[in-house]
Amino acid sequence: MDFPVLSGKDKHFPGIEDSMCPVCKSKAVWADNETIELSGGCRDTDDLHNANVHSDLWLDWWSQKDKQGLQSHTELAIANHVESPAYQLAFCSTDCLRQFLNSAIDSLESQIEDEKSA
Ligand SMILES: [Zn+2]
């Protein structure tokens, strides 16, 4: 899986018009089908109609601080700067959601290993 899966003006993953489960690619999501959604978003509490909000979903890793108090860091953006106060990711089953989340964690772990060996 390539991350981020959402950015910019896209707020549905997969797209509504291309609605096959992004993991197994064998069952449609949304519409009338069983769908597991992972939803997120943000809201500007000062101005609920503010069109300038954006939404993110990130995994961050921070190392333990060294003796100088410094930390290494890496992050994986699953959804990045989505130009909407809300977004949804959809899967045909909890199994596919689990595979998706495992894929994200695998990518993060790969980045952590790169960071540790740098
Ligand atoms: Zn699926």
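Colleague: In the open sheet of three strands that contains β6, what is the order of the strands?
Modeller: This is a predicted model, in which local features need pLDDT of at least 70 and side-chain atom pairs count only at pLDDT 80 or more, while totals for chains, interfaces and linings use all residues. Residues are numbered from 1 along each chain as its sequence is written. Strands (E, at least two residues) and helices (H or I, at least four) are DSSP runs numbered from the N terminus, and two strands pair if DSSP finds at least two bridges between them. The pairing in this open sheet is mixed, and the order is β2-β6-β3.

Colleague: Which strands are the edge strands there?
Modeller: An edge strand in this sheet pairs on one side only. That applies to β2 (12–13) and β3 (36–41).

Colleague: Which residue in β6 stands opposite His-12?
Modeller: β2 and β6 (residues 86–91) pair in the parallel sense over two bridges. Opposite His-12 in β6 stands Gln-88.

Colleague: And in the open sheet that contains β5, by what angle are neighbouring strands turned against each other on average?
Modeller: The order in this open sheet of three strands is β1-β5-β4, again with mixed pairing. Its edge strands are β1 and β4. Axes are lines fitted to C-alpha atoms, for helices over the stretch in contact, and angles run from 0 to 180 degrees between N-to-C directions. With direction ignored, the average turn between neighbouring strands of this sheet is 35°.

Colleague: Which residue in β5 stands opposite Trp-58?
Modeller: β4 and β5 run antiparallel and are joined by seven bridges. One bridge links Trp-61 to Thr-74 in β5. Trp-58 faces another residue of β5, Ala-77.

Colleague: What is the bridge partner of Gly-8 in β5?
Modeller: β1 (residues 6–8) runs parallel to β5, with three bridges between them. The β5 partner of Gly-8 is Val-82.

Colleague: At about what angle to β5 does α1 run?
Modeller: The elements run β-β-β-β-β-β-α from the N terminus. Helix α1 lies across β4 and β5, and its angle to β5 is about 140°.

Colleague: Why is Lys-65 classed as it is, exposed or buried?
Modeller: Lys-65 lies in the loop between β4 (55–62) and β5 (73–82). A residue is buried if 20 or more other C-beta atoms, placed from the backbone, lie within 10 Å of its own, exposed if 12 or fewer, and partly exposed in between. Because Lys-65 has 10 other C-beta atoms within 10 Å, the class is exposed.

Colleague: Leaving aside neighbours within four places in sequence, which residues are in contact with Ser-63?
Modeller: Ser-63 is in the loop between β4 and β5, and counts as partly exposed because 13 C-beta neighbours fall inside 10 Å. Two residues are in contact if their C-beta atoms, placed from the backbone, lie within 7 Å. Beyond the sequence neighbours, Ser-63 is in contact with Gln-71 and Ser-72.

Colleague: How far apart are the C-alpha atoms of Ser-63 and Lys-116?
Modeller: Along the chain, Ser-63 and Lys-116 are 53 residues apart. Their C-alpha separation is 8.8 Å.

Colleague: Which element has the lowest mean pLDDT?
Modeller: pLDDT is the predictor's confidence in each residue, from 0 to 100. The mean for the protein is 88, and 92% of residues reach 70 or more. Helix α1 (residues 94–117) has the highest element mean, 95, whereas the lowest, 85, belongs to β3.
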